[in-house]
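Visitor: I have a sequence and its 3D structure to read. Could you take me through the features, one at a time?

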Amino acid sequence: MDISNNPMWQDRELPVWRQIETDLEVDIQTGVYATGDRLPSEHELTAKYGVNRHTVRQALASLAQKGIVNAYQGKGVFVADEPFEYKLDRNAKWSEVENRFDGGADGRLLDSYEQPASAAIARVLKVAQGTPLIVTETLRTVGPGIATYGYHMFPASRFDGIAQEFSKTASFTKALAAFGVDAFFRASTWIDCRMPRPREAAALSVPTSLPVMIMTYVDTDGGGMPILYGHGVFPKRMMRIRIDT
């Protein structure tokens, strides 16, 4: 397939190597190439796309940087292992991820401050606009290379001191228990992607030039009252979201 003269492929705003990279990534995502499969050789890819080897190598190098493929000298380029699977249901919480690993979990409070609830956040937390919120910024890691940069917003009147509790326990599950919330549940989740802030990229050890996956969510206590509004930032390819219906 010579993409240089194919109108279905041409996108003059994108370099050709980026278009090849995207094509291969889609093939991996849709199962054309499965975990452990060897991709076509550089020679085969140059013939398929009608480009030179340098262009193909740029595409493969970018896939490797994202952790999608692994290159082995003299053997070829192979599809990397599938990312960690995060099952999204009403019990979804980071402690459920930690429980799948034997130790190694770590949580750090990076910052905490107060801010008034905007109209949008007030609506989902069922509080008045302008209500004081405690905001925490945290970095939580578990297992091999699994990490999230999180923003959590709590009504200050109910959770004054929760930042300090998290600092002591490194767990929001334990911190919330200190405020009488022994169980909490996921009410809503929104999944999106964007470019990372510099401080997020630095904490997660990812380049600012690569998109990150984000989950914005609302958790409630056992009585259905919203207790927190969260925004989690994950390196792309670090995990895959699974939703069963």
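Guide: Start with the vocabulary. Helices (H or I, at least four residues) and strands (E, at least two) are DSSP runs, numbered from the N terminus. With that, a loop can be placed: Ala 170 sits between α7 and α8 (172-177). This is a predicted model: local features need pLDDT of at least 70, side-chain atom pairs count only at pLDDT 80 or more, and totals for chains, interfaces and linings use all residues. Residues are numbered from 1 along each chain as its sequence is written, and side-chain values use heavy atoms, with hydrogens and water left out.

Visitor: How many helices and strands are there in the protein chain?

Guide: The protein chain has nine helices and 10 strands.

Visitor: What percentage of the protein chain counts as buried?

Guide: Buried means under 20% relative accessible area, exposed over 50%, partly exposed in between (1.4 Å probe, protein chains only). Of the 245 residues, 43% count as buried. Contact means heavy atoms within 4.5 Å. Among contacts with a separation of 6 or more, 58% come from residues 24 or more positions apart.

Visitor: Let us take a helix. How many residues has α3, and how far does it reach?

Guide: The expected span of a helix is 1.5 Å times one less than its number of residues. Helix α3 (residues 53-65) has 13 residues and reaches 18 Å from its first C-alpha to its last, close to the 18 Å expected.

Visitor: Which residues of α3 are buried?

Guide: Thr 55, Val 56, Ala 59, Leu 60, Ser 62 and Leu 63 are buried. Seen down the axis of α3, they fall within an arc of 155 degrees, so they line one face of the helix. That arc is taken from the directions from the helix axis to the C-beta atoms. On the face turned away from the buried side, α3 carries the exposed residues His 54 and Gln 65.

Visitor: What do the buried residues of α3 pack against?

Guide: They pack against α1 (16-29), α2, β1 (69-72) and β2 (76-79). Look at Thr 46 in helix α2 (residues 42-49). Thr 46 counts as buried because its relative accessibility is 12%. Leaving out residues up to four places away in sequence, Thr 46 touches Val 51, Asn 52, Arg 53 and Val 56.

Visitor: What is found at the start of α3, and what follows α3?

Guide: At the start, a side-chain oxygen of Asn 52 reaches to within 3.2 Å of the backbone nitrogen of His 54. After α3 comes Gly 67, with a positive phi near 80 degrees.

Visitor: Now the sheet. In what order do its six strands lie?

Guide: Two strands pair if DSSP finds at least two bridges between them. The six strands form an open sheet in the order β4-β5-β6-β9-β8-β7, with antiparallel pairing. Its edge strands, β4 (106-116) and β7 (184-194), each pair on one side only. Neighbouring strands are turned by 20 degrees against each other on average, direction ignored. Axes are lines fitted to C-alpha atoms, for helices over the stretch in contact, and angles run from 0 to 180 degrees between N-to-C directions.

Visitor: How many bridges join β4 to β5, β5 to β6, and β6 to β9?

Guide: For β4 and β5, 10 bridges. For β5 and β6, 10 bridges. Strands β6 (residues 146-155) and β9 (residues 226-235) pair over five bridges. To find the register, look for facing residues. Gly 107 stands opposite Arg 140 in β5, Leu 139 opposite Tyr 149 in β6, and Tyr 151 opposite His 231 in β9.

Visitor: Is β5 largely enclosed or exposed?

Guide: Nine of its 11 residues are buried, so β5 is largely enclosed by the rest of the structure.

Visitor: Which strands does helix α7 touch?

Guide: Helix α7 (residues 162-169) packs on the sheet, touching β4, β5 (132-142) and β6; its direction makes about 175 degrees with that of β4. Ala 163 lies in α7 and, at 5% relative accessibility, counts as buried. Not counting residues up to four places away in sequence, Ala 163 touches Leu 109, Ser 112 and Thr 136. Ala 163 and Thr 136 are 27 residues apart in sequence, yet 6.4 Å apart in space, C-alpha to C-alpha.

Visitor: Last, what sign does phi usually have?

Guide: Most residues other than glycine have a negative phi. Here, Lys 126 has a positive phi near 60 degrees. Lys 126 is in the loop between α5 (119-125) and β5, and counts as exposed at 61% relative accessibility. Ala 170 also has a positive phi, about 60 degrees, although it is not a glycine. At 24% relative accessibility, Ala 170 counts as partly exposed.

Definitions and conventions:
A polar contact is a pair of N or O atoms within 3.5 Å; within protein, one must be able to donate a hydrogen and the other to accept it, and residues adjacent in sequence count only if both atoms are side-chain atoms.
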